[in-house]
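User: Could you walk me through this structure, starting with how the chains meet?

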Amino acid sequence: MPVKVMIPTPLRPYASKQSSVAFEARTVREALGSLTVQFSELRKHLYTDEGKLRSFVNVYVNDDDIRYLQHEDTQIKDGDTISIIPSIAGG
Amino acid sequence: MVAAKTMPGPKLSNEEILRYSRHLIMPEVGMDGQLKLKQARVLLIGAGGLGAPLGLYLAAAGVGRLGLVDFDVVDFTNLQRQVTFGTSDVGRPKLAAARERLSSLNPGIEIVPHEARLTSANALELFRDYDIIADGTDNFPTRYLVNDACVLLGKPNVYGSIFRFEGQATIFGAPDGPCYRCLYPEPPPPGLVPSCADGGVLGVLPGIVGSIQALETLKLILGSGDLLVGRLLLFDALGMRFRELKLRKNPDCPLCGEHRTITSLIDYDEFCGIRGADSAVPGPAVPEITPRELKARLDRSDDVFILDVREPHEYQICNLNGYLLPLGDLPRRAHELDSSREIVAHCRSGKRSAEAVEFLRKAGFRKIWNLKGGILAWSEEVDPSVPKY
């Protein structure tokens with residue numbers, strides 16, 4: 001399934017400055033896996049050394065937080081959008 | 001509502017009726033609503049980019065008491081977005097300038113300046129006298145502090161934050177609504193998400209996000225409309241798109257969940273991984289050279305290779321004739337550098353170049369130094385004709 005992964009501004013420097021990338025994936029895990037293979041620098045910003053998603057990074061499938069779906073095992077449908085939403089604090 | 005009309009209470013003067021006429025003729029505000037605004041007490045945390053529209057619109061709308069918390073001084077770099085201030089305010093305390101501006105906009109309201117850094121020691125006492133807190137700060141420790149104090153006191157926290165050309169807004173701490181910790185249980189490690197000072201911010205962006213905060217504050221007071229509770233509004237200024245994400249109350253939230261472990265304010269600098277009182281994030285400890293030492297070496301015509309790890313658009317502002325290789329490109333372009341030569345890396349302030357030096361040392365470079373304080377220090381100590389930015 002082609003799925004679009006939206007990359008937030010603070011993480012774009014680690015993703016060749018792209019705002020979104022499309023991947024073939026069936027789950028969130030597969031999509032983020034492809035993302036961090038293509039942009040290896042992103043990996044340490046998204047995952048802890050133990051391979052867990054960092055807690056200041058939220059991942060949404062469309063408008064839903066995957067923490068309230070099936071986490072990284074959340075299934076993806078054709079045309080879904082995965083958004084990575086890190087915390088920002090500027091004022 | 002009907003009872004409120006017959007109760008003796010504050011009334012609007014004829015001047016106020018004229019001033020708030022455009023509110024009064026709308027049934028959604030009306031006399032009842034305007035009196036609610038007059039009795040409302042709102043505390044603004046931060047008198048910066050978000051605080052500017054918040055302060056101006058809430059004062060204009062007739063919010064009876066506006067508290068302002070800040071301890072900063074107006075500087076030239078603020079003026080591009082902090083529209084409360086004028087050029088003649090540069091060097092003045094922000095609160096003195098803001099108070100003057102807001103009082104001139106609306107002399108009929110009370111402006112209460114709290115010239116202090118918000119801390120775990122003063123937050124609860126400060127918040128107690130207010131109904132609503134609007135968070136327009138610029139750092140993670142204060143964001144968590146504001147959130148925790150609001151939840152502990154049961155006060156809504158009208159939240160907005162910005163980065164470059166993206167904004168987020170929501171209301172935390174509403175009854176049965178989520179809090180900041182439900183959304184982000186932990187802050188990012190220091191240095192990962194740059195501040196406006198390091199990452200830049202489009203001048204109009206805080207105007208839009210702060211205005212959304214002001215609007216939600218008014219709606220909270222008036223008790224009307226659909227509040228931004230349980231929804232995270234995302235604004236992308238470049239794409240000119242608003243998006244909305246569902247925001248749920250986390251049943252496991254340590255602050256507002258079913259089994260609470262946080263019942264009082266904590267040390268937020270420590271929580272955010274920042275040591276000491278200075279919120280500046282220390283870069284990696286790497287060999288350094290001061291601007292004066294570098295100048296002396298260049299004057300002696302020593303063979304020193306200057307590596308500029310800033311971005312191309314920064315190079316255009318000013319440069320030291322260095323070799324431009326942005327920090328983000330370093331991993332795949334390090335082969336362009338000659339490790340047998342002496343290299344001095346620099347950026348704007350010395351933070352990014354410290355990372356570059358650390359990276360290159362791990363890659364085997366031995367004769368490499370970080371220019372202490374970056375191009376800012378070079379301008380300060382060696383060549384004032386180089387502009388600071």
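Analyst: In this model, 20 residues of chain A are in contact with 33 residues of chain B, a contact being two residues whose C-beta atoms, placed from the backbone, lie within 7 Å. The model is predicted, and local features need pLDDT of at least 70, side-chain atom pairs count only at pLDDT 80 or more, and totals for chains, interfaces and linings use all residues. Residues are numbered from 1 along each chain as its sequence is written, while chains are lettered from A and ligands numbered from 1 in the order in which they are written.

User: Which elements give two or more residues to the side of chain A that touches chain B?

Analyst: They are α2 (40-46), β3 (57-61), β4 (64-65) and β5 (81-86) of chain A, where helices (H or I, at least four residues) and strands (E, at least two) are DSSP runs numbered from the N terminus.

User: And what is that side like by class?

Analyst: That side of chain A has nine nonpolar, seven polar and four charged residues, with Ala, Val, Leu, Ile, Met, Phe, Trp, Tyr, Cys and Pro counted as nonpolar, Asp, Glu, Lys and Arg as charged, and the others, Gly among them, as polar.

User: Switching topic, how is chain B divided?

Analyst: Chain B is divided into domain 1 (40-271) and domain 2 (288-381), with bounds that come from an automatic or database domain assignment. The C-alpha centres of domain 1 and domain 2 of chain B lie 37 Å apart.
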